[in-house]
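Trainee: I would like to practise reading a fold from its coordinates. Could we go through one together?

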Amino acid sequence: MNILDKIAEILKDDTVKLGYLPDTPDDVTAVFEYQGGQPSHSFGNTDFTENIQVRTRGENSYAKAKEFSLILDNYTDENISIIQTSPVFDIGRDSHSRQEYTVNFKIYRR
C-alpha cells in the first residue's frame with residue numbers, strides 16, 4: 001500500500017484529496033508525500049522514513065489541520081509509526097483569498 005492510501009485509511013475522511021489540491025471546493029484538505037530520509041538499519045530490521053504534509057484550505061482550515069494532527073501524531077500500528085514534525089503553520093491565503101494551513105509528519109515504515 002502506498003503511504004497516501006495508508007494515511008487516508010487512518011484519517012477516515014473521504015473528502016481528503018491525495019497528492020493534489022483541487023481549485024474547488026473552497027474547504028478542502030490535501031495530503032502530499034515528499035522525500036524521506038535514508039533508511040535506518042538495525043540488526044534484523046530496516047526502517048524506511050517518509051514525509052507527508054497535510055494542507056488545509058477554507059473557513060475552518062486551522063481547526064481541520066489541528067484535528068488531523070491530533071489523529072496522526074504518535075499514531076502507530078504494526079506497519080508504521082507517525083510523529084508530527086512541525087506545528088500547524090499558517091501559510092497565508094491563496095490566489096482566491098482562501099486561508100491555508102499546513103502541518104508535517106515523519107513516518108517510519110517497517
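Mentor: Happy to; this is a predicted model, and a few questions about its helices and core follow.

Trainee: Which residues of H1 are buried, and how wide an arc do the buried residues of H1 fall within?

Mentor: In H1, the buried residues are Ile3, Leu4, Lys6, Ile7, Ile10 and Leu11. An α-helix has 3.6 residues a turn, so residues three or four places apart point the same way. Down the axis of H1, the buried residues therefore line one face of the helix, falling within an arc of 155°.

Trainee: At the start of H1, which residue has a side-chain oxygen that reaches to the backbone nitrogen of Leu4?

Mentor: Look for a side-chain oxygen within 2.7 Å of the backbone nitrogen of Leu4. At the start of H1, the residue that provides this oxygen is Asn2.

Trainee: Moving past H1, is Asp13 buried or exposed?

Mentor: Asp13 is found in the loop between helix H1 (3-11) and strand S1 (17-18). Its contacts, leaving aside neighbours within four places in sequence, are Ala8, Lys64 and Phe68. The cut-off for buried is under 20% relative accessible area. Asp13 has a relative accessible area of 16%, so Asp13 counts as buried.

Trainee: Which side chain makes a polar contact with that of Asp13?

Mentor: A polar contact needs a pair of N or O atoms within 3.5 Å. The side chain of Asp13 has such a contact at 3.2 Å, and the partner is Lys64.

Trainee: How wide an arc do the buried residues of H2 cover?

Mentor: Helix H2 (residues 61-72) has 12 residues and reaches 16 Å from its first C-alpha to its last, close to the 16 Å expected. Its buried residues are Ser61, Ala65, Phe68, Ser69 and Leu72. They sit on the same side of H2, because the arc they cover around the axis is only 105°.

Trainee: What do those buried residues of H2 pack against?

Mentor: Four strands are not the whole answer here, as a helix takes part too. The partners are strand S2 (28-34), strand S4 (45-57), strand S5 (80-84), strand S7 (99-109) and H1.

Trainee: Which element gives the most to the largest nonpolar core?

Mentor: That core has 19 residues, and Ile7, Val31, Ile52, Leu72 and Ile82 have the most contacts inside it. The elements giving two or more residues to this core are H1, S4, H2, S5 and S7. With 5 residues, the one that gives the most is H1.

Note on methods:
Residues are numbered from 1 along each chain as its sequence is written. This is a predicted model: local features need pLDDT of at least 70, side-chain atom pairs count only at pLDDT 80 or more; totals for chains, interfaces and linings use all residues. Side-chain values use heavy atoms; hydrogens and water are left out. Buried means under 20% relative accessible area, exposed over 50%, partly exposed in between (1.4 Å probe, protein chains only). A polar contact is a pair of N or O atoms within 3.5 Å; within protein, one must be able to donate a hydrogen and the other to accept it, and residues adjacent in sequence count only if both atoms are side-chain atoms. Contact means heavy atoms within 4.5 Å. The expected span of a helix is 1.5 Å times one less than its number of residues. The arc is that of the directions from the helix axis to the C-beta atoms. A nonpolar core is a set of buried Ala, Val, Leu, Ile, Met, Phe, Trp, Tyr and Cys residues joined through side-chain atoms within 4.5 Å.
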